[in-house]
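Subject: Structure for your review

Dear colleague,

Please find below the structure that I am handing over to you. My findings follow directly after it.

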Amino acid sequence: KVIVTSWLFPESTFSEERLSSLSRVVNRDRLVVDLSCRRVDNSWRVAINKWQTITEMEINESTLRRLSAYCSEFLVHAADVEGLCRGIDEDLVKALGEWSPIPCTYAGGAQSVADLELVHRLSSGRVDLTIGSALDIFGGSKAKYSDCVKWNRTHGQATL
């Protein structure tokens, strides 16, 4: 699959033309749109350029429906908690579970295998979780890869 992010925002403005063109070339089934975001007041807005530039694009049900016509999956990094291993953005996970019409993977703040269950519960099983900095195979000490594999097998999820 191909993951695309900041390239969709020339001069910090979303280009549906770029997304449409890429979707035609790569094929919708092979395209993942990365919607890294930051919380702004009571919403989340897409953040680009190493999460330093906050765009006008709000992550909400309407946006996800519109973009889902061009891709098969979303990858959503909660930039405010990414890499901190202090807990996920529970509100965002719940919202993604309600709003996303296609598969969605959440990243940011996971600190243990228990977060797999939390994301599953908050999203009604509609959002997957990626654990990064906390994972032992990436130098972390809070989550063991073997425990994550076991959790996924128990819950009928594919693993590598």
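Two aromatic pairs are present in this structure, which is a predicted model. In one of them, Phe9 and Phe14 are tilted with respect to each other, with a centre-to-centre distance of 5.5 Å and 55 degrees between the ring planes. Phe9 and Phe14 are both buried. The other pair consists of Trp44 and Trp99; the ring centres lie 6.4 Å apart and the planes stand at 70 degrees, so this pair is edge-to-face, since an angle over 60 degrees places a pair in that class. Trp44 belongs to strand β4 (residues 43-48) and Trp99 to helix α3 (residues 90-99), so the pair ties together parts that are 55 residues apart in sequence. Trp44 and Trp99 are likewise both buried.

The strands come next. An open sheet is formed by three strands in the order β3-β4-β5, with antiparallel pairing. Its edge strands are β3 and β5, each of which pairs on one side only. On average, and with direction ignored, neighbouring strands of this sheet are turned by 45 degrees against each other. The antiparallel pairing of β3 with β4 extends over four bridges, and within it Arg38 stands opposite Arg45 in β4. Between β4 and β5, which also run antiparallel, there are three bridges; here Ala47 is placed opposite Ile54 in β5. The hairpin of β4 and β5 has four residues between the strands, and Asn49 adopts a positive phi near 55 degrees in it.

Regarding the helices, α3 lies across β3 and β4 and runs at about 95 degrees to β4. Helix α3 also packs with α4: their axes come within 8 Å and cross at roughly 45 degrees. The two helices, α3 and α4, are therefore oblique to each other. On the α3 side the residues that meet α4 are Glu90, Val93 and Lys94, and their counterparts in α4 are Leu118, Val119 and Leu122.

Ala114 is located in helix α4 (residues 114-122). Is Ala114 buried or exposed? Ala114 has a relative accessible area of 51% and is exposed, because the class begins over 50%. The C-alpha atoms of Ala114 and Asp89 are separated by 14 Å, the two residues being 25 residues apart along the chain.

Asp89 also appears among the charged contacts. The structure holds nine salt bridges, and I describe some of them here. Arg38 and Asp80 form a salt bridge in which the closest N and O atoms are 2.8 Å apart. This pair links distant parts of the chain, as Arg38 sits in strand β3 (residues 37-40) and Asp80 in the loop between β6 (73-77) and α3, 42 residues apart. Asp80 is partly exposed, at a relative accessible area of 37%.

A salt bridge also joins the side chains of Glu56 and Arg45, at 3.7 Å from N to O. Glu56 is in strand β5 (residues 53-58) and Arg45 in strand β4, eleven residues apart, and the pair links distant parts of the chain. With a relative accessible area of 67%, Glu56 is exposed. Arg45 thus takes part in this salt bridge and stands across from Arg38 in the sheet.

Within helix α2, the side chains of Glu61 and Arg65 meet in a salt bridge of 3.5 Å, N to O. Because Glu61 and Arg65 are four residues apart in helix α2, about one helical turn separates them. Both ends of this bridge have been classified: Glu61 counts as partly exposed at 35% relative accessibility, and Arg65 is partly exposed at a relative accessible area of 47%. Finally, Arg39, Asp89 and Asp91 are linked in a network of salt bridges.

Helix α2 (residues 61-68) also contains Ser68. How accessible is Ser68, buried or exposed? Ser68 is buried, its relative accessible area being 10%. Apart from neighbours within four places in sequence, Ser68 is in contact with Arg28, Phe74, Pro101 and Ile102.

With kind regards

Notes. Residues are numbered from 1 along each chain as its sequence is written. This is a predicted model: local features need pLDDT of at least 70, side-chain atom pairs count only at pLDDT 80 or more; totals for chains, interfaces and linings use all residues. Side-chain values use heavy atoms; hydrogens and water are left out. Rings of Phe, Tyr and Trp (its six-membered ring) pair if their centres lie within 6.5 Å; planes under 30 degrees apart count as stacked, over 60 as edge-to-face and the rest as tilted. Buried means under 20% relative accessible area, exposed over 50%, partly exposed in between (1.4 Å probe, protein chains only). Contact means heavy atoms within 4.5 Å. A salt bridge is a side-chain nitrogen of Lys or Arg within 4 Å of a carboxyl oxygen of Asp or Glu. Two strands pair if DSSP finds at least two bridges between them. Axes are lines fitted to C-alpha atoms, for helices over the stretch in contact, and angles run from 0 to 180 degrees between N-to-C directions. Angles under 35 degrees count as roughly parallel, over 145 as roughly antiparallel, 65 to 115 as roughly perpendicular and the rest as oblique.
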